[in-house]
Amino acid sequence: MSGDYMVQATTNLVGAAYWRGRADEIQFEGRCLIDGKMVEAQSGYTFDCVSPVDGRVLTKVSAGGEADVNRAVAAARSAFRDRRWSGQSPVSRKRTLQAFAALIRLHRDELALLETLDMGKPISASRSVDVEAVASCFEWYAEAIDKLYEQIAPTAETDLALITREPLGVVGAIVPWNFPMLTAAWKTAPALACGNSVVLKPAEQSPLTAIRLAQLALEAGVPEGVFNVVPGLGGSAGRALACHMDVDGIFFTGSTATGRLLTEYAAKSNLKRVCLELGGKSPNIILASYGDIEKAAVASAESMFNNQGEVCIAPSRLIVERSIHKRVVEIVAEVAKRRQPGDPLDPTTRMGALVDANHADRVMGFIGRAKADGATLVAGGTRALTETGGSYVVPTVFDNVSNCMEIARDEVFGPVLSVIPVANVGEAVAVANDSPYGLGAGVWTDRLSDAHKISRELRAGVVYVNCYNDCDITTPFGGVKQSGNGRDKSLYALDEYTELKTTWIKL
Ligand code: NAD
């Protein structure tokens, strides 16, 4: 995610007391939104929505299952068939989605608070980064959709061949908990702009903003049945959606393990389109040829610890030439020590809670095993704020990591940075590419031709030169190798949510 996400505590926000007061009053909605109505799961089952901020139960959430997914897909199909949305002109869909973006901004504080309480990120980030990025995303696809032209093929004079774009139909979106609202927006905004109907399955750890977003879409004028949400567990609601015979495509952000299952479900059901944004273990190379070592090291560490390290593209493998290695380690350790976890509802906090207690245990497990494997712990390595009942882990840095250790190979998805010293540029690139993942990669150098040559050699969907995580909605986002196959964002995402049709006319 981008430099935008490198959130500084914003001064224009009100204080922690305001947010705590609002948190005491806020209404939570945990039911499914199907065919324009809030409904309980047909089974009546619910699960607790627990806040990682302090461990309290925020509300009960409907545990959607196969019956609810069937209802939602039927509603989406019926809306698609009668063309209440797909049949609207692009300019009409644009106006509705613009109204939706305006409503998102109007509900900025509420959405930010729901996100923070649900998954633990600092309120300053939820409010000024996530909500704004979500509104901008809907706005961007709204603006784009009435500016696209279709094509006529260069056939012989006796024929006319039209190449047109059509919506897929019923789109299933399954999203994770680290950027719950934003990953939902990256899928639903292009899907809706193209005229599809959507069934969204949010992560069980963070369902609240997805439900609220769909309510606001309805209020903005998106017709009933076009944007449905079924919260629930991955193995039930998620599986039912991915196995459904009447879903035309599954658009997924989440782990590589789940991505594998979705491919299998598609193969065993209706061969639906499957777009996968999966995990990462992104390398970030600092070369001695970069003049400002301090700048590179600070930016690299800040990127790593952004969003508590729960970022798919986090630069978790810091590959450094030996001649500058000692200095880089000192600086990244210093950044880690400065960035202590705090109350996510305090606008000055930059490091919030991990998504839940299980995930905090998982991260601590990685830390323990890295020590046992011989990596050198130079910062962090402990939990924090245990008295709050929340799930906090201190930013952690390991030095002298070898690329074959578990900590360098597996995705921790938490605030743990591994420093891998190397002898030269050749070894740096070889280590960078030695990973099953290929989401992001970074290189810091002042040598222009090295920058170009190395970026060509790095096997990743996104390469950053002399920065990390910078981006906006205009560029495609996704991975190669086991980091996935689809692309979110930019005009390229529209290809994922449409089919090309050829109409050949004999003149
Ligand atoms: P996850 O794969 O466990 O869950 C993601 C979603 O899949 C959730 O909604 C979950 O309920 C659902 N799910 C789980 N099992 C399922 C099944 N059998 N069938 C259908 N759906 C199922 O991932 P997570 O732990 O929530 O998220 C973290 C992962 O997401 C990390 O690997 C991270 O790298 C990845 N991620 C990738 C990107 C990207 O753009 N590449 C962005 C953010 C997160």
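This text describes where the ligand sits in the predicted model and which residues surround it.

At the level of the whole chain, the ligand sits in the largest pocket. Two domains are involved. Domain 1 (28-278 + 484-505) and domain 2 (283-473) both contribute residues to the shell around the ligand, and therefore the ligand lies between them.

The shell itself holds 28 residues, and the closest are Lys-201, Glu-204, Ser-255, Leu-278 and Glu-411. Sorted by residue class, the shell has 15 nonpolar, eight polar and five charged members.

Several secondary-structure elements feed into this shell. At least two residues come from each of α8 (234-243), β10 (249-253) and α9 (256-268). Of these contributions, that of α9 is the largest share, with four residues.

The next step is to look at individual side chains that make polar contacts with the ligand. Lys-201, already listed among the closest residues, places a polar side-chain atom 2.6 Å from an oxygen atom of the ligand. For Thr-258, an N or O atom in the side chain is 2.7 Å from a ligand oxygen atom. Trp-177 also takes part: an N or O atom in its side chain lies 2.9 Å from an oxygen atom of the ligand. As for how much of the ligand is covered, on its own the ligand has 840 Å² of accessible area, and the protein covers 90% of that area.

Notes. Residues are numbered from 1 along each chain as its sequence is written. This is a predicted model: local features need pLDDT of at least 70, side-chain atom pairs count only at pLDDT 80 or more; totals for chains, interfaces and linings use all residues. Side-chain values use heavy atoms; hydrogens and water are left out. A residue is near a molecule or strand if one of its heavy atoms lies within 4 Å of it. A polar contact is a pair of N or O atoms within 3.5 Å; within protein, one must be able to donate a hydrogen and the other to accept it, and residues adjacent in sequence count only if both atoms are side-chain atoms. Accessible areas come from the Shrake-Rupley method with a 1.4 Å probe; for residues, only the protein chains shown count as cover. On a 1 Å grid over the protein atoms alone, a cavity is a set of points where a 1.4 Å probe fits but cannot get out, and a pocket is an open set with protein on both sides within 12 Å along at least five of seven lines; lining residues have an atom within 4 Å of a point. A molecule sits in a cavity or pocket if more than half of its atoms lie within 2 Å of its grid points. Ala, Val, Leu, Ile, Met, Phe, Trp, Tyr, Cys and Pro count as nonpolar, Asp, Glu, Lys and Arg as charged, and the others, Gly among them, as polar. Domain bounds come from an automatic or database domain assignment.
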